[in-house]
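Thanks for coming. I will walk through one structure today, starting with a few pairs of side chains and then moving out to the strands.

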Amino acid sequence: MFRLIRIWLLAFVCAAFAGAAWAQTIIAEDNAGNYDELDPWVDLSNGGTGFGPWNFDVDEGTGFAGAFVGDPAFAGVSGFGPEAFGLYANPAESGASVLISRDFDVALETNQVFSLQWAVNWDTDTLNRKGFRIYDGGPAGTQLLEVSMNGFPGLVEIDHGAGFVDTEIEFGTGPMTWRVRMIDATTLQVTSTGRDGTPPVVYSTNITVSAAPDSFALFTGAMTPADERQPYYNNLVIYEGPDPDALMITGPDSILLGQTNTLTVHRSAGVGDAITIDNSNPAAISAPATVEFDPEAPTVTFEIVGLDEGSADLQALGNIATSEVFTVTAFDMPEPPEGIYDDATFYPLGWTDGSNGGNGFTAWSLGDEGGAHLIGDATFNGANNAADLNTNGVSFALLGGPDGAYQTASRNFETALIPGDVFTFSMSFQWDGNNRGFDLFSSDGQVFNLNISTSGYDWTGDNNIPITLWPPRDEGVLIDVVITATASGFEYSLSSDQDANIADITGSIVSAALTGFNFYNNEAGEGARFHFNRLEVTESTDPNLFISGPTSVVEGTTNTYTVTRIGDVADFVELQSTNTAAMTVPANVTFDSEENTVTFDAVAVAAGQTALIASNFDAESAPFAVTVTEPPPPSPYSDDASNYDDVTFPWIDGSNGGTHFDPWILVEGDGGFFLGSSTEGGVRTTDIDTAGRAFGMWNGDAANATAAIRPIEDGVWGDGAVLTFEYSFRNDDGARGVTLHDAGLDEFAYLSISGAGYDFNGETNAPTQWDDEREFGEVLTFTFTQNGADLDWAVTGIHPSSPNASGTIIGEMLGAIRFFSAAGGGGGGNDIFFNKLDVTPGVPEPVGPGIDSIVFDAGTGNISFQVPDGYSLSLVQGASLEIVGDGFNWEDLVEDVDYEIVGGEVTILTEVVDGRLIRIWLIED
């Protein structure tokens, strides 16, 4: 058979200086493109030149095995082109194997290199190995080295007689270039690039041999079936002279004007220490004329400075090699467009915590748990080829941290969205992985979540649909998100050209106006990048009016509402309440001519429902629904923020809502006190409000603590008494917490919370992991139980890093609780909130003469007794005879339902008496 043999005799003269030039001579070459249907790659075939024929040793065992020339892209392998040598052997435990060997025409001589490219996507998923071997005398002779990988996690390892050693080459789907250079008669230098081809030297070692290499083999053993597990090889070359990438420049290929960047020069064997840097455009980029390696160092760095807009071609010139051209482009800081917009191009100096590109948003708050925040190419790994998320080649990206740690990126709008505003962005991912997605927030906290995981798409916790394109490895999935603000909240719509399922993700949410958003990812690994980009708010310009304010108020209170206008709307606006028996409003309000908001006070008259409407000739607002509720009756042994308001009964020093507490003692320090929603301070996961508010406290920069002290009324506290309350905060600045006091207000214990963690009475300190919790806040529940002369305490929280601690304080009886904040700094994120103070009374010391007699009425089954003179009835409780926990399950009885009192006589009704224990509480008049 006549056959065209391709012979490469290649000599490059790339550079000459100082009297030296470098050249490379090809001695042997073969690649998969030399084989086709007429000349297939089979046993004894011999394409290329400089090698002997191929020898195929294929054993299918009980499965399948073979060798072929094919497109590695079908196995998720990139960087080879459409043809490479491939091997397969499967399934596991089948005994299948492939070994394809070949001789060199002539053994390697000094300064000669055998080079091949090898790539694989997945590991074998078995203990069998795949890779290549180098021999003296072929497979039947002496094996000089093996490079291979096996089961998960698929480390690339080398064995040259002393066992396998990890090369520490990280994951990639492109080809590694392995080179075996004969340094002298007994020394081989073995080097490899990374798994995507760069950097030029990731692994390097010298090994001692008794003879020069004269043959090699490609091999694999039985693997779990999957195209992605097949190894691929190509570009077999023997050459003399320097490596093709003996000199290489790497580093950032763009630079901001005035910025200084660092570039790195890499060298391989034979390249001398002195290097010249050729610069085609010194007016745009400044670079040193020369650099010099430390003796035997593989790299040297140098700095460049961006001087003027334009590009410069940089080359490193050495004694035997010249690098490829490395082009650096200098650019000026991009100007964001007008309006509310941001994308990744506005972060040339990096996307960091506190950075703020674009217009109309507050600074980014980036939560870092060991992952990464990136400005990168969304198509970096073949993802999203069908729909590019990038602007100018880049987008935002999140990589999760180790062990499922979340990487987050939160941000607020400079002003909350108003009806008609449309917020849009796009996001993309390649693998389904663990959890990634986005949240939307209003002043009430989190109001929407879309979570993407192996289970599918889950939005607002109500829906779950599968990801039908899994594995979307080739193109990835791009999702367009549209959020439209309405008078009652917002509407959402998600669509994708890659996954038709989510075209139906639409709906509406009733909430306060949107104030911000958060992106997150807890899947680690380059392939699990979560990209998003093109954040834009299109502001409404149609004439419109809308009302905002509290949707639930308490009878007898005065509440403030806001009217907002959009577009061309006149200043004068009429107001209406559809149910004036429930709430009254002023007849009208007038905008200041330069303002688009105006407030008014509405009085909650009586329990019921109404709708508030603002209108004029230009526009009419949608009805704003308000519910007026009756004020909740104070609990016999509790206090909460619903017992106070800013008008009729403010929370001030000496005030006393609820019962069985002495009046509040408020010490301003450098701060102050207020009633407000606990979500206002950034506690977005759980609120602790009652009727929309909790007790709030803020403190300035000084260490002079602000404190709120709540003494417990004499006679209520006793053995077995239990006090509980809830406490929330967001930031760790300064110190905040609670202190415990006896009846004389002397402090005997404390819990202090600061950046160092939770400090329990100076004895216990648990970290708070602020990066995880800062954006979503912390809510703690405290419990204090009097156990005889000792006080038991416990605190639990809603986060994994919450203290969840408990203990006992010996010889102390609780008399007061003190809430404090010191040196917290300004801003709502440093406010603290507490609420829902509840007391289950203990057993006080006996008082008075007791009950003289109890009368049983056989006809009715009721029992009655007379309250002693000088005392009044405080509480009647009942319990079943069954022991619950450590005692009886006492419940408060209700007057006129469970018992009656006429004058001084108390009658316990029949249904309560039957099978129940009765406990009576008296208070001395």
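Look for D342 and R411: D342 is buried, and R411 is buried as well. This is a predicted model, so please keep that in mind throughout. The side chains of D342 and R411 meet in a salt bridge, with 2.7 Å from N to O. The two residues belong to distant parts of the chain: D342 sits in strand β27, residues 340-342, and R411 in strand β31, residues 407-412, which puts them 69 residues apart.

How many salt bridges does the structure hold? The number is 12.

Another one joins the side chains of D243 and R181, at 2.6 Å from N to O. D243 is in the loop between β17 and β18, the latter being residues 247-250, while R181 is in strand β13, residues 176-184, so this pair ties together parts that are 62 residues apart in sequence. Both D243 and R181 are buried.

Next, D125 and R229. Their side chains also meet in a salt bridge, here at 3.9 Å from N to O. What does this pair tie together? D125 lies in the loop between β8 (112-119) and β9 (130-136), and R229 lies in the loop between β16 (215-221) and β17 (232-240), so parts that are 104 residues apart in sequence are tied together. Are the two ends buried or exposed? D125 is partly exposed, because its relative accessible area is 40%. R229, at 11%, is buried. There is also a third residue to mention: D123, D125 and R229 are linked in a network of salt bridges.

Staying with β8, please find Q112, which is placed in that strand. Q112 counts as buried because its relative accessibility is 7%, and the cut-off for buried is under 20%. A polar atom of the Q112 side chain lies 2.9 Å from the backbone nitrogen of E109. Leaving out neighbours within four places in sequence, what is Q112 in contact with? The list is I27, A107, V180, R181, M182, Y239 and E240. R181 in that list is the residue that forms the salt bridge with D243.

Now the wider picture. The protein chain has 2 helices and 74 strands. Of its 925 residues, 49% are buried. The chain exposes about 40,000 Å², and carbon and sulfur atoms supply 49% of that area. For contacts between residues at least 6 apart in sequence, 65% join residues at least 24 apart.

With that many strands, I will pick out one sheet. Five of them, in the order β19-β26-β25-β21-β23, form an open sheet with mixed pairing. Which strands stand at the edges? They are β19 (254-256) and β23 (290-292); each has a single partner strand, so one side of each is left without a neighbour in the sheet. From one strand to the next, the twist averages 25°. Strand β21, residues 274-279, runs antiparallel to β23, and 3 bridges join the two. One residue to find there is I275, whose bridge partner in β23 is V291.

One loop residue is worth a stop here. E309 lies in the loop between β24 (299-306) and β25 (310-317). E309 is exposed, because its relative accessible area is 53% and the cut-off for exposed is over 50%. How far apart are E309 and F331? They are 22 residues apart in sequence, and 4.9 Å apart in space from C-alpha to C-alpha. Not counting residues up to four places away in sequence, E309 touches L257, A330, F331 and D332.

The last stop is further along the chain, at β37, β38 and β39. Strand β37, residues 477-486, and strand β38, residues 489-495, run antiparallel and are joined by 7 bridges. A hairpin through 2 residues connects β37 to β38. On the other pairing, 6 bridges join β38 to strand β39, residues 505-510, and these two also run antiparallel. S493 in β38 is a useful marker: V482 stands opposite S493, and the bridge partner of S493 in β39 is T506. As a general point for reading strands like these, side chains in a regular strand alternate between the two faces of the sheet.

That is the end of the tour.

Key: Residues are numbered from 1 along each chain as its sequence is written. This is a predicted model: local features need pLDDT of at least 70, side-chain atom pairs count only at pLDDT 80 or more; totals for chains, interfaces and linings use all residues. Side-chain values use heavy atoms; hydrogens and water are left out. A salt bridge is a side-chain nitrogen of Lys or Arg within 4 Å of a carboxyl oxygen of Asp or Glu. Helices (H or I, at least four residues) and strands (E, at least two) are DSSP runs, numbered from the N terminus. Buried means under 20% relative accessible area, exposed over 50%, partly exposed in between (1.4 Å probe, protein chains only). Contact means heavy atoms within 4.5 Å. Accessible areas come from the Shrake-Rupley method with a 1.4 Å probe; for residues, only the protein chains shown count as cover. A polar contact is a pair of N or O atoms within 3.5 Å; within protein, one must be able to donate a hydrogen and the other to accept it, and residues adjacent in sequence count only if both atoms are side-chain atoms. Two strands pair if DSSP finds at least two bridges between them. Axes are lines fitted to C-alpha atoms, for helices over the stretch in contact, and angles run from 0 to 180 degrees between N-to-C directions.
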